[in-house]
Amino acid sequence: MNYEPVIGLEVNVQLKTDTKIFCNCSTQFGAAPNSQVCPVCLGMPGVLPVLNEKVVEFATRLALAVDCRINKHSIFARKNYFYPDLPKAYQISQFEEPFCEHGKLEIQAPGEAPRNIGITRIHMEEDAGKSLHSESFVGKNETLIDVNRCGTPLLEIVSEPDFRSPQEAYEYLVKMREIVIFLGICDGNMEEGSLRCDANISMRPVGETKLGVKTELKDMNSFRAVEKALEYEINRQEMVLENGGRIEQQTLLWDANRNVA
Ligand SMILES: [Zn+2]
């Protein structure tokens, strides 16, 4: 049987505002650990987060660039999760009523006709902190937490599952990076984590319209890594299905050194 991949992408764009999304702390990269922090971005009881106007302006620029419909009303929500680099244990994000929806971006993979990729939604949210393992001041078998990044503004761009190949995903990421740099809302620096991408992927028999069980791919630190991770996962899922197996819904971490998930 012939299978086709169905791929969706979630891109996180770190906005280059001077200050964080809900407080006046600096967003400057590379400062001494835990030097850019205040009660608001640490989520102390009783604080009052105030939305940074610049974040709304930047979100508006992107919404217009990718043909999204901007919602007149949009709300923030607390997404609770317990993770060491998020000491307050919730992220302020948007769930119902995101900033904008129903956009599109035209891409063209090599040798293919141009095609529109649907953009489901773009929402505003705050970033988490960072776990430090490999820095010189971190002891062996130790992890330290730097909360400077807590509260740095992000836009999350969620695509429709419209990609049919890893090459299309790559083209979309390259184009999205060009757009956010052109709009002046993100420096596009992947090494510093200004652009990050997660992918979800399922396979289905060619001609089938129902979606198969998907897996999520995380920890890819370049666009080429996204492409490679998708190629790997397509082969893996195809082999499982051809041998009569079932795909389990799970999150896989990409290991760029070994090229496996
Ligand atoms: Zn702060």
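This is a short tour of a predicted model, moving from the whole chain to helix H1 and its surroundings.

Begin with the entire chain selected and coloured by secondary structure, where three helices and twelve strands can be picked out. The radius of gyration is 19 Å, close to the 18 Å that the globule rule gives for 261 residues, so the chain is as compact as a globular protein of that length. Turned along its principal axes, the chain has C-alpha atoms that fill a box of roughly 60 × 50 × 30 Å. Of the 261 residues, 34% are buried, and among contacts with a separation of 6 or more, 70% join residues 24 or more positions apart.

Next, select residues 53-65, which form helix H1, and set a distance between the C-alpha atoms at its two ends: they are 19 Å apart, which agrees with the 18 Å that 13 residues should span at 1.5 Å a residue.

Now show the side chains of Val55, Phe58, Ala59, Leu62 and Ala63, which are the buried residues to look at in H1. Viewed down the axis of H1, the buried residues fall within an arc of 140°, so they line one face of the helix. In general, an α-helix has 3.6 residues a turn, so residues three or four places apart point the same way. On the other side of H1, add Glu53 and Glu57, both of which are exposed.

To see what covers the buried residues of H1, select, among other elements, strands E2 (69-70), E5 (100-107), E6 (115-126) and E9 (153-159), together with helix H2 (166-182).

Finally, step just past the end of H1 to Asp67, where the backbone takes a positive phi of about 60°.

How values were computed
Residues are numbered from 1 along each chain as its sequence is written. This is a predicted model: local features need pLDDT of at least 70, side-chain atom pairs count only at pLDDT 80 or more; totals for chains, interfaces and linings use all residues. Helices (H or I, at least four residues) and strands (E, at least two) are DSSP runs, numbered from the N terminus. The expected span of a helix is 1.5 Å times one less than its number of residues. A residue is buried if 20 or more other C-beta atoms lie within 10 Å of its own, exposed if 12 or fewer, and partly exposed in between; C-beta atoms are placed from the backbone. The arc is that of the directions from the helix axis to the C-beta atoms. Two residues are in contact if their C-beta atoms, placed from the backbone, lie within 7 Å. The radius of gyration is taken over C-alpha atoms; the globule rule is 2.2 Å times the number of residues to the power 0.38.
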